[in-house]
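Here are my notes for you to read alongside the model. Keep the 3D view open and go through the points in order.

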Amino acid sequence: MHLQVESILINPIILSELDNMTLDSLKHCKTIVTIENGSIEGGFGQKIATYYKDHDINIIIRGLSKNHINCYNRNEILEDNGITPQLIAKDIIMRMENETI
């Protein structure tokens, strides 16, 4: 199966407020992926999911779980939380394949 993916990268400058104009321009998207700089809980991705709650858009939120971490291996943390480039891409492709069935 061949999947055609069109992607748009948006790097929000201010996270405390949503850019409604930009978000409205993305309402045609089937999937939106947010990658948190920290914990998922209460983060930007949850704001995005709330904004689109009345639309048929698949929201994928990736970031760190809210576990307390003393000592860690960066690569293990990224992999455990599914936020390596490979795991993010794999998740997106799996969801896209499920949409076409």
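**Notes on the model**

1. Let's start at E99. Leaving out residues up to four places away in sequence, E99 touches K30, T31 and N58. You'll find E99 in helix α4, and its relative accessibility of 38% makes it partly exposed. Now look across to K27: E99 and K27 are 72 residues apart along the chain, and their C-alpha atoms are separated by 17 Å. One thing to keep in mind throughout is that this is a predicted model.

2. Next, step back for the overall layout. The protein has 4 helices and 2 strands. If you walk along from the N terminus, the elements come in the order α-β-α-β-α-α. Taken along the principal axes, the C-alpha atoms fill a box of roughly 40 × 40 × 20 Å. How much of the protein counts as buried? Of its 101 residues, 26% do. As for how the chain folds back on itself, take the contacts between residues at least 6 apart in sequence: 65% of these join residues at least 24 apart.

3. Helix α2 is a nice one to practise on. It covers residues 44–51, and F44, G45 and I48 are buried in it. Why do these residues sit on the same side of α2? They cover an arc of only 100° around the axis, so they end up on one side together. And what do the buried residues of α2 pack against? Their partners are α1 (20–25), β1 (31–39) and β2 (58–64).

4. T34 gives you a view of that packing from another residue. T34 is in strand β1, and with a relative accessible area of 8% it is buried. Setting aside neighbours within four places in sequence, T34 is in contact with G45, I48, I60, I61 and R62. You have already met G45 and I48 as buried residues of α2.

5. Now for the rings. How many aromatic pairs does the structure hold? There is 1. The rings of Y51 and Y52 have centres 5.3 Å apart and planes at 90°, so this pair is edge-to-face. Check how far each partner is covered, too: Y51 is partly exposed at 23% relative accessibility, whereas Y52 is buried at 2%.

6. On to charges. Side chains of opposite charge can pair when their charged atoms come close. A search of the whole structure turns up 4 salt bridges. One of them joins the side chains of D24 and K27, at 3.2 Å from N to O. Here D24 is partly exposed, with a relative accessibility of 38%, and K27 is partly exposed as well, with a relative accessible area of 35%.

7. Another salt bridge links D54 with K53, and the closest N and O atoms are 3.6 Å apart. Are these two residues buried or exposed? D54 is exposed, with a relative accessible area of 65%, and K53 is exposed too, at 59%.

8. The salt bridge between D91 and R95 deserves a slower look. Their closest N and O atoms are 3.0 Å apart. Both residues lie in helix α4 (residues 85–100), and they are 4 residues apart, about one turn of the helix. D91 counts as buried at 13% relative accessibility, while R95 is partly exposed, with a relative accessible area of 28%. Don't stop at the pair, though: R62, D91 and R95 are linked in a network of salt bridges. R62 is also one of the residues in contact with T34.

9. Last, have a look at the largest pocket. Its volume is about 1,400 Å³. The lining is made up of 39 residues, and I8, L26, T31, I32 and V33 are the ones nearest the centre. Which element gives the most to the lining of this pocket? That is β1, with 7 residues. At least two lining residues come from each of α1, β1, α2 and α4. T31 should look familiar from the opening point, where it was among the residues touched by E99.

Key
Residues numbered from 1 in each chain as written. Predicted model: local features only at pLDDT ≥ 70, side-chain atom pairs only at ≥ 80, totals over all residues. Heavy atoms only, no water. Buried < 20%, exposed > 50% of the residue type's maximum accessible area, 1.4 Å probe, protein only. Arc of directions from axis to C-beta. Contact = heavy atoms within 4.5 Å. Phe/Tyr/Trp six-rings, centres within 6.5 Å; stacked < 30°, edge-to-face > 60°. 1 Å grid on protein atoms, 1.4 Å probe; cavity = no way out; pocket = protein on both sides within 12 Å on 5 of 7 lines; lining within 4 Å. Points joined across faces, edges and corners; volume = space filled by probe spheres on them.
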